[in-house]
Amino acid sequence: MDLHMMNCELLATCSALGYLEGDTYHKEPDCLESVKDLIRYLRHEDDTRNVRQQLGAAQILQSDLLPILTQHRQDKPLFDAVIRLMVNLTQPALLCFGSVPKEPSFRHHFLQVLAYLQAYKEAFASEKAFGVLSETLYELLQLGWEERQEEDNLLIERILLLVRNILHVPTDLDQEKRIDDDASVHDQLLWAIHLTGLDDLLLFLASSRAEQQWSLHVLEIVSLMFRDQNPEQLAGVGQGRLAQERSTDVAELEVLRQREMAEKKTRALQRGSRHSRFGGSYIVQGLKSIGERDLIFHKGLHNLQNYSSDLGKQPRRVPKRRQAAQELSVQRRSALNVRLFLRDFCSEFLENCYNRLMGSVKDHLLREKAQQHDETYYMWALAFFMAFNRAASFRPGLVSETLSVRTFHFIEQNLTNYYEMMLTDRKEAASWARRMHLALKAYQELLATVNEMDMSPDAAVRESSRIIKNNIFYVMEYRELFLALFRKFDERCQPRSFLRDLVETTHLFLKMLERFCRSRGNLVVQNKRKKRKKKKKVLDRPVASGDVPSGAGALEAVWPSLAEQLQCCAQGPELSLDSVVPFDAASEVSVEEQRAEAMVRIQDYLLAGQAPQALALLRSAREVWPEGDVFGPQDISAEEEIQLLKQIFCAPLPRQQGPEEEEEEEEEEEEEELQAVQVSEKEFNFLDYLKRFASSAVVRACVLLLRSYRQNSAHTNRCVVKLLHRLAHDLRMEGLLFQLSLFCLFNRLLSDPAAGAYKELVTFAKYILGKFFALAAVNQKAFVELLFWKNTAVVREMAEGYGSLDGGSSSRKPPMWSPEEEAQLQELYLAHRDVEGQDVVDMILARLKTPRTRKQVIHHLVRLGLADSVKDFQRKGTHIVLWTEDQELELQRLFEEFQDSDDVLGHIMKNITAKRSRARIVEKLLALGLVAERRELYKKRRKKLTPSSLPNGEEFRRDFCQEDLEEGVNGPEAESGKEDGKEEEASEAEQAEGSSGLSTETLGQSLSQEGFSAPLLWLQGCLIRAADNREEEGCSQAVPLVPLTEENEEAMENEQFQQLLRKLGVRPPASGQETFWRIPAKLSPTQLRKVAASLSQPEEEEELQPGPEPKVPGEQGPEEEYQKEHRAQALRALLLARRKKAGLVSPGGEGAAGEKEQLKMAPRKRQLLDSDEEQDEDEGRSKAPELRAPEIQKKKRFQIEEEDESD
């Protein structure tokens, strides 16, 4: 739909508002109802905000709503409705769409709504609209609390929200094209607010105790008013040009003049006396071209300095996710009258409102009465008004509310929180970075104010400054904050202005800390250290070893005393079940393991002599697990309960699982690292603290900021140079700055015509270059070191010689290993490195003849080349070994190689180079998307019958039946790998419960009789289409069965239909990830057609049966029916013979009824087929090659096994 073509209902509603004749607006009788209808339309607009766009295109606010607001103010219901509609129409575009849309179509709608908002802002830039709002707000504030109604409070809030929405609209710089000192649309709004007296009402709301509920609204409006202003420049308005400003302007003009003179000189040199075609050609010696020869230069010599090998090359496109963050805040100088008004407003706000308003807002934030992220307005106000106070006439009393250690703590907490959220919430990293920038500005202004207090003539102010500095320098978090921000600086999320403020704040903090240390002599600070202690996870319940009776006789001797306690507890009514909890729903341990653990806990209580706890735990467990009567039936008597406890008391319960039966996640929990923070005090050394900044991350950030030295202010450049000078000169770490990118920057600086304006930068560059060439004369490898960022250890090796750190003091020398010890170490490592579940280093330490530490063994293994890195020997439970790219490629190659084998996971574990547990390999295969779910990696069973002699239509049904038979005979324990055995058994049991004792044909006929003929035909068609698609495409993937009709949907929810789906091999949806049943990818087109043929009715089988030679319907006579019946009888006889041999049936029980009875009484056995049975099976195949496979379902067999377990 074209948004510029207004909807007819919307057009009729807008026409019923009224019309403008000259300057007079005539409203229609239905004006109020039309305004309400527009509010209703806005409430039900779609995601593209179509109603909002249509109203914006029709200019309803400019042509109708504003005239109604200004001329019909006496009609209170209409006035309230218009204010409501305006608040809705002017709400920010970010609030309408949630965020800036990334999809092009939605981004277009977003920009269109933003353009209409900018038109609304321009329409509001008049005295009439703000005059009406100001008068209405004044009349409402005149009412006392007793006279003010709820409607009045709502109207006050809506007026404040309307002003907030109008001021919030961003400025379109490209459209306005206003220069400094010119009145923009935002300036016109501010001037209209000033002329109508709305600014005085805002000051009243900020200073009044009775109006504290509007404090956050007022603070938000004030922050939007001063959005583009600089507090230092605003404080100096009207006082004439300061000497500092004049000197700054003169320096900038001098830089521009020098560059202009250099350009004129260069152009004069380029103006040759001859024609340009006779410029000549030159050979540049020492500079190779593409080949091995020297470069030939075809231009004049004056152009040689500008030559680069990159000339003519296409610049490399930087991906969007790697582009540097853009600057969002733009400061400009408003018109002079607006700046004078804003300066007076700031002065009055500081004197009368600041402390009261900031205290109220802080209280709202701490009591969580504010909305999310409202603390950003608090931090902006703190930074802006404290900077204005410091620049105008510094009076600490005006900002005393935010000048405290608690404020430092509040800002530091939020800054740390934003920093952590920026690292974790990567999608919203840019938003968290902007909030972190606001917090950093507030922290910077707090430090600047405290530094200004040091120079105050008032001794009390200086004492307050000393107390604040003593507190912030003492706490470790304040000192470590800047290091963390430097190390995690990311130019993709954080703009260059953040880095500038970070460097300036760090420079100020270091200067204050250094001065404080000099004045105090010695400074004691807080030190926190994480103390690591390892604690073994106790898998058993703690029972004192000395109190545990051993042997059956000892247990029998202890039992009588326990029985007396149990009888007293069983008869007493005061036994509480709330004290013990046998089941934890939030635990990752499975329900079966928790049930076994509850049994062990009952035995532990009995062994410890705590009979009441044992009885209470038994009864609680009975309520949680009533099935199977594992903890006794619900109507158990007291005597039977005591007998059950005696059996538990004397039973040899398994107390600890073997490490080979646990997954790696459980092994990681056996040894946990508990980090206890140990707080102490130490004497502070400034140079030791400065050494923390000697890292490549800090140097890299400073170099990044120094690249824009021309755009930086003189103060910013001085802060960067001072920080680098501290590292190079004070710490004697000049090698940290020996980096090629920094030297290229020095080259650009020294060749700059205006280099005289950057004296400090030039001096520092010459100092670093001199140190480098002095080192290069001694160490020729220093030129290679230019290519890399370095740490302190590398810098020391560059200066003192490579390997000097290893050959230091004798105490640091590595211990010597004899050839015999090295041979023994190599032999032990090769013998135990492939042992699963054991730490190879611990096994080596236990078998070494000479006692060594773990660290010594690991380092010597790396030196011998037996291991690549020390990280290969990290203990389990402390770190997760990551997969390298080569290991992932190897895993993918092995999976593709063995994906058609019976045991994919087993072959991968045998052939993979880096040995890992089964659970880790399964997780990585799932993460790489090579498999969709774990069951695809289960070991496949081999087929026992050959398909050569069976009819095509029955071959695939025979496979399903044979799989069911093998699952019942071999059992799930035949699987290799104990970690995923439980999951596989659970999945098999789930499929078995879904199967029934009926065949596919019987199930299909039964469903057809129940009225599911159409769903069966739909399922048959889906299978045939899937087979056709797989033949055409040559590849297969899981195809979902999506029921589009109610009849098919009801069939998919029917239990018998689901049994048929499981019978056919259709996979049920994975829990929590899928919704529909799916045709597995492993089924071939031939198999799918055979499954579809099994669903056909007798009269349709011949049409759906695939085969090269279709049979004539008349050929199937009674002889073939007799053969089918004969096959079934023969296979039943064969199955009965197997069961007799395995002990499943008695000799006399040969009938079908006898089969079922004997099957129910048969004990559960895991291996029923031996070599003799396999021989009989082979004989049966040779004797009856055309017999039909017996159709034995899994559900019956699993029911038998469950009954046997309960028995």
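Which side chain does Glu821 meet in a salt bridge? Keep that in mind while you select Glu821, and remember that you're looking at a predicted model.

**Stop 1: the Glu821 pair.** Add Arg852 to the selection: its side chain and that of Glu821 form a salt bridge, 2.7 Å from N to O. This contact links distant parts of the chain, 31 residues apart, with Glu821 in helix H36 (residues 819-832) and Arg852 in the loop between helix H37 (840-847) and helix H38 (854-863). Buried or exposed, this Glu821? Buried, because its relative accessible area is 16%, under the 20% cut-off. Arg852 also counts as buried, at 16% relative accessibility.

**Stop 2: two helices tied together.** Now pick Glu641 and Arg619, another salt bridge, where the closest N and O atoms are 3.2 Å apart. Glu641 belongs to helix H27 (residues 638-650) and Arg619 to helix H26 (residues 611-624), so the pair ties together parts that are 22 residues apart in sequence. Glu641 is buried, at 4% relative accessibility.

**Stop 3: more salt bridges.** The structure holds 38 of them. Try Arg343 and Asp344, whose closest N and O atoms are 3.2 Å apart; here Asp344 is partly exposed, with a relative accessible area of 37%. Then select Glu45, Arg49 and Arg52, which a network of salt bridges links.

**Stop 4: a hairpin.** Colour strands S3 (residues 282-288) and S4 (residues 294-297): they run antiparallel and are joined by 4 bridges. The hairpin connecting S3 to S4 goes through 5 residues. For one bridge pair, show Ile283 and its partner in S4, Ile296.

**Stop 5: surface patches.** Switch on a surface and select Lys102, Arg107, Lys320 and Lys427, which gather in a patch of positive charge. Lys320 sits in the loop between S4 and helix H16 (336-352), and is exposed, with a relative accessible area of 74%. Next, select Leu740, Val784, Leu787 and Phe788: these make up a nonpolar patch on the surface, with about 380 Å² of accessible area together. Val784 is in helix H34 (residues 782-785).

**Last stop: helix H41.** Select residues 918-927, a helix that is mostly covered, with 7 of its 10 residues buried. Which ones are buried in H41? They are Arg918, Ala919, Arg920, Ile921, Val922, Lys924 and Leu925. Finish with Gly929, just after H41, and check its backbone: phi is positive, about 80°.

Key: Residues are numbered from 1 along each chain as its sequence is written. This is a predicted model: local features need pLDDT of at least 70, side-chain atom pairs count only at pLDDT 80 or more; totals for chains, interfaces and linings use all residues. Side-chain values use heavy atoms; hydrogens and water are left out. Two strands pair if DSSP finds at least two bridges between them. Patches are made of residues with over 30% relative accessible area and no salt bridge: like charges are joined within 9 Å, nonpolar side chains (Val, Leu, Ile, Met, Phe, Trp, Tyr) within 5 Å. Accessible areas come from the Shrake-Rupley method with a 1.4 Å probe; for residues, only the protein chains shown count as cover. A salt bridge is a side-chain nitrogen of Lys or Arg within 4 Å of a carboxyl oxygen of Asp or Glu. Lys and Arg count as positive and Asp and Glu as negative; His and the chain ends are not counted. The place of a charge is taken as NZ of Lys, CZ of Arg, CG of Asp or CD of Glu. Buried means under 20% relative accessible area, exposed over 50%, partly exposed in between (1.4 Å probe, protein chains only).
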